[in-house]
Each structure stands twice: as structure tokens, then as C-alpha cells.
Amino acid sequence: MRRRLYFMLPGIASGRAMLDELLLARIEERHMHFLAREGTLPPDMPDLNALQKTDLVHGAQLGMLIGGAVGLGAGIFMVLFPPDGLTLRTVAILIAALGGAIFGAWASGMNAAAVPNSRLAKFAERVEEGQVLLIVDVAPRKVREIEEMMASRHPEISFAGAEPPMVAFP
């Protein structure tokens, strides 16, 4: 499990300093992401990827839930009122629900890939002003250590919030 922490940095120079500090604190670069005004982030600083810049994950989850419910309803309807000459069983309900979930996740995910991440909307104004958003994914046991390190070594950095624990993927 990991916790996602958000920090607002005054500029690119501060971001580079934080990158070095976090690397020394044994936070891997793949767990750090920076968001700056378009075209200002140097290539050696890790940028947000497409999953973090868009609402793709949230859209796919929502689509899977709605598609699965609609598929389940369609499967039940098909079993209760089967077409002439067919005998459908419970497996048909499960297949319809699975098909609905897959289609819903795909369709909703495709739409959400074009929408900016709603979680980052509250930082957009400050990023456009020239500040840099640092997103760090850390183990729950290191959250306090990272927050204290940031506060003591870099008072110009403001803590911008945290998300609940999430599953750690590579």
C-alpha cells in the first residue's frame, strides 16, 4: 500500500532540489511526479503520465460498474424472457454481466481519457502561475518522515494534501 502526497513548490529549481532530497531519502524516481506549466518541466524530471493527467482510471471504474449492472439486468431479462427456441441458464446472466462490464469500462475509459484529472483541478491555477506540483507515492510508514523532512529543510514548500492508501503496483 502507498499514500499519495501532494506538495506545491515555488518553482522548477525547488522541484529539482526536492527530487534530489527524495532520492537521498530512498524514494524511487518512479514514485515521484511533477506537474508544471506546459513546456517548462525539464526532461530529466519525471512528468505525470497519461493515467495521472486524465480521468481514465476513474472513468473505466465507473463504466465497469454501470456496464456490469446493465449487463446483469439484460442477462436476467434474457433468462426470464428467452428468444423462441433457446433455453438460457444462469451462465447467460454472468456472461451478459461480464460483457457489460468490459464494454462499459472500455467505452467510459475512452471518454475519460480526454478529460483532465479532476483530482488535479484544485492545483491548476497555481500551476499556471508558475508553481510546480510534486506528487509522491510513499509507504504509509514513511509519510511522517517525508512530511517532516519537507517542513524542516524546505519551509517554502507547502503541503497540499494526501490521498487515502492505494494498492502498490510496480
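These are my notebook entries on a few helices, strands, loops and one pocket that I looked up in this structure.

**Entry 1: before starting**

I am working with a predicted model, so I keep in mind that everything below comes from a prediction.

**Entry 2: strand β3**

I began with β3, which covers residues 132–138. How many of its residues are buried? I found seven of the seven buried, so the strand is largely enclosed by the rest of the structure.

I then looked at its two faces. In a regular strand the side chains alternate between the two faces of the sheet. On one side of β3 I noted Val 132, Leu 134, Val 136 and Val 138, and on the other Leu 133, Ile 135 and Asp 137. Both faces are covered, as the residues on each side are buried.

**Entry 3: the partners of β3**

Next I asked which way β1 and β3 run when they pair, parallel or antiparallel. Strand β1, residues 3–9, pairs with β3 in the antiparallel sense, over seven bridges. I picked out one of these positions: Arg 4 has Asp 137 of β3 as its bridge partner. Asp 137 is also one of the buried residues I listed for β3.

Strand β2, residues 32–35, is joined to β3 by four bridges, and this pair is antiparallel too. Here I looked up two positions. His 33 has Ile 135 as its bridge partner, and Phe 34 has Leu 134.

I checked the side chains of β2 as well. Met 32 and Phe 34 point one way, while His 33 and Leu 35 point the other way. I found all four of these residues buried.

**Entry 4: helix α1 and the residue after it**

Helix α1 has 13 residues. Its span from the first C-alpha to the last is 19 Å, close to the 18 Å expected at 1.5 Å a residue. Which residues of α1 are buried? My list reads Ser 14, Gly 15, Met 18, Leu 19, Glu 21 and Leu 22. I recalled that an α-helix has 3.6 residues a turn, so residues three or four places apart point the same way.

The buried residues of α1 pack against β1, β2 and β3, and also against α6, residues 143–153. It was nice to meet the three strands from my earlier entries again here.

Just after α1 I came to Arg 26, which takes a positive phi of about 70°. I marked it because Arg 26 is not a glycine and counts as exposed, with a relative accessible area of 75%. Arg 26 sits in the loop between α1 and β2.

**Entry 5: helix α3 and its glycines**

Helix α3 runs over residues 56–80, 25 residues in total. From first C-alpha to last it reaches 35 Å, close to the 36 Å expected at 1.5 Å a residue. Glycines caught my eye in this helix: Gly 59, Gly 63, Gly 67, Gly 68, Gly 71 and Gly 75 are buried. What covers the buried residues of α3 includes α4, residues 90–112.

I took Gly 67 as an example from α3. Its relative accessible area is 10%, under the 20% cut-off, so Gly 67 counts as buried. What does Gly 67 touch, leaving aside neighbours within four places in sequence? I wrote down Ala 97, Gly 100, Ala 101 and Gly 104. I also looked up Ser 108, which is 41 residues from Gly 67 in sequence and 9.2 Å from it in space, C-alpha to C-alpha.

**Entry 6: two loops that meet**

Thr 54 is in the loop between α2, residues 50–53, and α3. Is Thr 54 buried or exposed? At 14% relative accessibility, I put it down as buried. Leaving aside neighbours within four places in sequence, Thr 54 is in contact with Ala 112, Ala 113, Val 115, Pro 116 and Asn 117.

I followed that list to Pro 116, in the loop between α4 and α5. Pro 116 counts as exposed, at 60% relative accessibility. Not counting residues up to four places away in sequence, Pro 116 touches Lys 53, Thr 54 and Asp 55. Pro 116 and Leu 51 are 65 residues apart in sequence and 9.9 Å apart in space, C-alpha to C-alpha.

**Entry 7: the second largest pocket**

Last, I looked at the second largest pocket, with a volume of about 470 Å³. Of the 19 residues that line it, the closest to its centre are Leu 35, Ala 36, Glu 38, Leu 48 and Lys 53. Helix α5, residues 124–128, gives the most to this lining, with three residues. By class, I noted 12 nonpolar, two polar and five charged residues in the lining.

Key: Residues numbered from 1 in each chain as written. Predicted model: local features only at pLDDT ≥ 70, side-chain atom pairs only at ≥ 80, totals over all residues. Heavy atoms only, no water. Helix = DSSP H or I, 4+ residues; strand = E, 2+ residues; numbered from the N terminus. Expected span 1.5 Å × (residues − 1). Buried < 20%, exposed > 50% of the residue type's maximum accessible area, 1.4 Å probe, protein only. Contact = heavy atoms within 4.5 Å. Pairing = 2+ DSSP bridges. 1 Å grid on protein atoms, 1.4 Å probe; cavity = no way out; pocket = protein on both sides within 12 Å on 5 of 7 lines; lining within 4 Å. Points joined across faces, edges and corners; volume = space filled by probe spheres on them. Nonpolar A, V, L, I, M, F, W, Y, C, P; charged D, E, K, R; others polar.
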